[in-house]
Amino acid sequence: MSEQRFGEWILVRRHGHVAELVLDRPKAMNAVSSELAARLAEATRALGLDDSVRVVVLTSTHERAFCVGADLKERNSFTDADLSRQRPHARAAYTGVLELPMPTIAAVHGFALGGGFELALSCDVIVADSTAVVGLPEVSVGVIPGGGGTQLLPRRVGAARAAELIFSARRVEAEEARALGLIDQLVLEGQDRVEALALAGRIAGNSPVGLRAAKRALRLGHGLDLRAGLEVEDAAWRSVAFSGDRAEGVAAFNEKRKPEWPGH
């Protein structure tokens with residue numbers, strides 16, 4: 001396993017074809033400061049350009065929190081000009097996770113609030129343990145979800161449910177979160193990272209070309225009418241149909257062996 005630091009608070013661990021993107025600011029429960037946001041954006045840019053990465057898992061080193069959202073202590077000292085200058089850096093962090101071209105999994109325990117929950121929502125799958133508490137409480141401090149929450153949450157749970165959760169600013173514990181579709185897999189306490197990495201390992205056994213094309217079709221097709229969505233799917237299919245991965249996959253199936261993906 002290799003490791004690479006991006007500043008003090010972002011760590012990337014490599015587990016073969018799985019990259020673990022680690023939030024590592026434990027003294028502040030991974031609060032998203034300007035510096036953490038900048039380094040997270042930097043790390044996601046690097047991962048997005050690495051063709052050897054097939055799956056990314058977003059994790060936390062804090063025992064009681066995934067991420068508590070924006071660093072309000074830092075924000076308290078900001079002038080309006082400071083806040084305006086920070087905005088592009090904050091957006092780059094959230095969109096950096098959202099736009100990763102390979103499948104992404106969030107491993108959530110404890111508090112995932114505000115921007116912390118938005119980081120999880122930016123992933124394709126959320127695995128959470130029984131201690132998870134999620135929510136978008138931004139209106140309770142005079143702002144709105146600004147890391148994608150107003151757009152990502154209704155895509156998960158529908159417009160009315162998202163409105164109730166955002167307007168009420170309430171926190172949702174793990175069992176209810178699973179029932180509402182705020183998380184995808186609920187696992188035993190302390191097992192979120194283990195289970196997310198295990199899922200990532202299973203996914204990483206599949207074609208990297210196929211995985212990226214499937215994600216592209218899912219993301220680009222969402223919200224389109226059926227006819228337009230099928231055109232998106234067809235374009236994604238054509239991008240893989242004549243690839244080395246497709247040829248290897250068919251050959252391996254017929255030869256009853258595990259495929260060795262060329263990745264192109």
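The sulfur of C67 sits 12 Å from the closest cysteine sulfur, which belongs to C123, and that is too far for a bond. Keep in mind as you read that this is a predicted model. The chain has 264 residues, and its radius of gyration of 19 Å agrees with the value near 18 Å expected for a compact globule of that length. Here is a short tour, starting with the cysteines and then moving out to the whole chain and a few individual residues.

**Cysteines**
- How many disulfides does the structure hold? The count is zero.
- Seen from the other side, C123 has C67 as the closest cysteine, with 12 Å between the sulfur atoms, so C123 is also too far away for a bond; a disulfide would need the two sulfur atoms within 2.5 Å.
- Are these two cysteines buried or exposed? C67 counts as buried because its relative accessibility is 0%, and C123 counts as buried at 4%.

**The chain as a whole**
- You will find eleven helices and eleven strands in the chain.
- Measured out along the principal axes, the box filled by the C-alpha atoms is roughly 60 × 45 × 40 Å.
- Buried residues make up 46% of the 264 in the chain.
- Of the contacts between residues at least 6 apart in sequence, 66% link residues at least 24 apart.

**Surface and charge**
- The chain has an accessible surface of about 13,400 Å², and carbon and sulfur atoms account for 55% of this.
- On the charge side, there are 32 positive and 34 negative side chains.
- The centres of the positive and negative sets lie 2 Å apart.

**A106 in strand β6**
- A106 belongs to strand β6, which covers residues 104-108.
- With a relative accessible area of 0%, A106 is buried.
- Which residues does A106 contact, once neighbours within four places in sequence are left aside? The partners are L58, F66, A120, C123, V125, I126 and V127, so C123, itself buried at 4% relative accessibility, turns up here again.
- Between the C-alpha atoms of A106 and L119 there are 8.0 Å in space, and the two residues are 13 apart in sequence.

**A19 in strand β3**
- Strand β3 spans residues 18-23 and includes A19.
- A19 is another buried residue, at 0% relative accessibility.
- Beyond its neighbours within four places in sequence, A19 is in contact with V12, R13, R14, L47, V53, V55, V56 and V57.
- A19 and S52 are 33 residues apart along the chain, and 9.4 Å separates their C-alpha atoms.

**T44 in helix α1**
- Helix α1 runs over residues 34-48, and T44 is part of it.
- The relative accessible area of T44 is 4%, so this threonine is buried.
- Setting aside residues up to four places away in sequence, T44 touches L21, G96, V97 and L100.

**R212 in helix α9**
- R212 has its place in helix α9, residues 208-221.
- Why does R212 count as buried? Its relative accessibility is 17%, and buried means under 20%.
- The residues that R212 touches, not counting those up to four places away in sequence, are G48, D50, D51, V53, P101 and M102.
- V53 is thus a partner of R212 and also one of the contacts of A19.

How values were computed
Residues numbered from 1 in each chain as written. Predicted model: local features only at pLDDT ≥ 70, side-chain atom pairs only at ≥ 80, totals over all residues. Heavy atoms only, no water. Helix = DSSP H or I, 4+ residues; strand = E, 2+ residues; numbered from the N terminus. Rg over C-alpha atoms; globule rule 2.2 N^0.38 Å. Buried < 20%, exposed > 50% of the residue type's maximum accessible area, 1.4 Å probe, protein only. Contact = heavy atoms within 4.5 Å. Areas by Shrake-Rupley, 256 points an atom, 1.4 Å probe, with all protein chains shown as cover. Lys, Arg positive; Asp, Glu negative; His and termini not counted. Charge placed at Lys NZ, Arg CZ, Asp CG, Glu CD.
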